[in-house]
Amino acid sequence: MTVTAQPIVTAEREGALLASVPTGLLIDGQWRPAASGKTFDVEDPATGRVLLSLADAGPEDGAAALDAAAAAQESWAKVPSRERGEILRRAFELVTARAEDFALLMTLEMGKPLAEARGEVTYGAEFLRWFSEEAVRAFGRYSVSPDGKSRLLVTKKPVGPCLLITPWNFPLAMATRKVSPAVAAGCTMVLKSANLTPLTSQLFAAVMMEAGLPAGVLNLIPTSTAGATTGPLIKDSRLRKLSFTGSTEVGRRLLADASETVLRTSMELGGNAPFVVFEDADIDAAVAGAMLAKLRNMGEACTAANRFIVHESLADEFAEKFAAKMADMTTARGTEAESKVGPLIDAKSRDKVHELVTDAVAAGAVAVIGGAAVDGPGYFYQPTILKGVTEGTRILSEEIFGPVAPIITFDTEDEAVRLANNTEYGLVAYVFTRDLNRGIRMGERLETGMLGLNAGVVSNAAAPFGGVKQSGLGREGGLEGIEEYLYTQYIGIADPYAG
């Protein structure tokens, strides 16, 4: 349902926040216009109105950003890890202190309800705190060789200047998840924010500078021409690391480009998460988990449940209870008190979601609830559940990125495994069952980098985030996260007892 409500923030409050956001490029510690003088507009997806115009970086600006990062690398790598950690800790405290500003800014540019945006601030800030603690734990080792004739010294060193490319769907968390380990490891950075939601990165970069990050360590280049601006950087031998979060299609192209200079790469790519509900599951817990796994961020998340694989004995009950919960989800601008589902990011995204729904219905699926765009301004789509979805339909093989839940049924555990693994992706899966042994078996049998067992959310700064198959390479967060920004150096030392 759609309800018109009084906004919980005033237009004056929105205007004051937007006025505080830097609109230039951050290069070598200075905010400056693009070399071309060009700008691009950032829109509110709930209304279509322009929020701000930002400097539009081009190839010349990208080169200047890499120049600054390369020049700062040697001195930054020598900064003691404790000092790097303290900068991150101060940034955590500053982001937390400005939580309402960051939350509102994300709601304005991305559309998510303000309550969800506040949750992202908490999640995103935690990467700053986690890696402030990990900065001092990048240990090496010393040992005696097995034959006793030499000593083995192993150290960890920063890989060097990094290009970080973030997506539009989690504007703060995706920036902190990449910037934090790079800072902790001693790497300098060029951050290319998503042109649909770049404002949060602008404010975050300002906070990092306020926290004491030296000039040139973090350089920010918002741009409407990503390929033309970042392409030359990937081919530059001074760049030593590429971290990208986005579609598998773009990731493949970036991997091909990165191969020319043998760049270290981290790729967090597409997902097609199965949500498996067994006959012994706590159905109310499964529905609650489904609401989180599907409707968090309006379904615009690589971790969103994309295929609901439900045992045939409880598929009808699951769909009925799921639909009852969805019926309470009000679509509205994220600043409105009643908003539980915000708009999709743009018209193209909404059109694709509806195309997938239409294709599934044409193939025999039935909409239990929803199934259409919401009339009026903005890019809203009704929360939707589809029953009777059949194998081979596009909605089961393509990433939906919207509030649509297709349900397909199964009979045996083997069939559930086959359906869940029937995808080129392997980022995350969700399994609901009361049988611990079955849960362990599913963990061993499912082709996935992460598994939510009786849980609808898996993301945690203390855990390694990443996938297998065509969902990417490397891990972000956890003990593994900082390793993506370090390389191992071995020094062989002559036997100190040799004459």
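In what order do the three strands of the open sheet stand, and is their pairing parallel or antiparallel? I looked this up in a predicted model, and I found the order β5-β6-β22 with antiparallel pairing. I noted that β5 (141-144) and β22 (486-494) are the edge strands; each has a single partner strand, so one side of each is left without a neighbour in the sheet. I recorded an average twist of 20° from one strand to the next.

**Entry: the β6 and β22 pairing**

I then followed strand β6 (residues 150-158) along its antiparallel partner β22 and found nine bridges joining them. For a point of register, I noted Lys157 opposite Tyr487 in β22. As a reminder to myself, strands of a sheet pair through backbone hydrogen bonds, either parallel or antiparallel.

**Entry: the whole chain**

I next turned to the overall architecture. The protein holds 14 helices and 22 strands. I compared its radius of gyration with the expectation for a globule: with 499 residues, a compact globule would have a value near 23 Å, and the 24 Å of the protein agrees with this. Along the principal axes, I found that the C-alpha atoms fill a box of roughly 80 × 60 × 40 Å.

I also looked at burial and surface. Of the 499 residues, 56% count as buried. The protein exposes about 19,300 Å², and carbon and sulfur atoms supply 53% of this area. For contacts between residues at least 6 apart in sequence, I noted that 74% join residues at least 24 apart.

**Entry: the domains**

How many residues of domain 1 and of domain 2 are in contact with each other? I first took the bounds from the domain assignment, which gives domain 1 as 11-269 + 472-487 and domain 2 as 273-453. I found 29 residues of domain 1 in contact with 27 residues of domain 2. The C-alpha centres of domain 1 and domain 2 lie 31 Å apart.

**Entry: strand β16**

I examined β16 (404-410) for cover and for partners. Six of its seven residues are buried, and I therefore entered the strand as mostly covered, with buried meaning under 20% relative accessible area. β13 (305-311) runs parallel to β16, and four bridges join the two. Within this pair, Phe308 stands opposite Ile407 in β16.

I found strand β15 (residues 384-387) also parallel to β16, joined to β16 by three bridges. Here I noted Leu386 opposite Pro406 in β16.

**Entry: helix α13**

Which elements do the buried residues of α13 pack against? I first listed these residues for helix α13 (residues 413-421): Glu413, Ala416, Val417, Leu419, Ala420 and Asn421 are buried. I found that they pack against β12 (273-277), β13, β16, α14 (436-445) and β20 (468-469). The strands β13 and β16 in this list are the parallel pair that I had entered above.

**Entry: Thr107**

Is Thr107 buried or exposed? I located Thr107 in helix α4 (residues 99-110). Its relative accessibility is 3%, and because the cut-off for buried is under 20%, I entered Thr107 as buried. I then listed its contacts, leaving out residues up to four places away in sequence: Thr107 touches Lys112, Pro113, Leu114, Ala117, Gly334 and Thr335.

Technical notes:
Residues are numbered from 1 along each chain as its sequence is written. This is a predicted model: local features need pLDDT of at least 70, side-chain atom pairs count only at pLDDT 80 or more; totals for chains, interfaces and linings use all residues. Side-chain values use heavy atoms; hydrogens and water are left out. Buried means under 20% relative accessible area, exposed over 50%, partly exposed in between (1.4 Å probe, protein chains only). Contact means heavy atoms within 4.5 Å. Two strands pair if DSSP finds at least two bridges between them. Axes are lines fitted to C-alpha atoms, for helices over the stretch in contact, and angles run from 0 to 180 degrees between N-to-C directions. The radius of gyration is taken over C-alpha atoms; the globule rule is 2.2 Å times the number of residues to the power 0.38. Accessible areas come from the Shrake-Rupley method with a 1.4 Å probe; for residues, only the protein chains shown count as cover. Domain bounds come from an automatic or database domain assignment.
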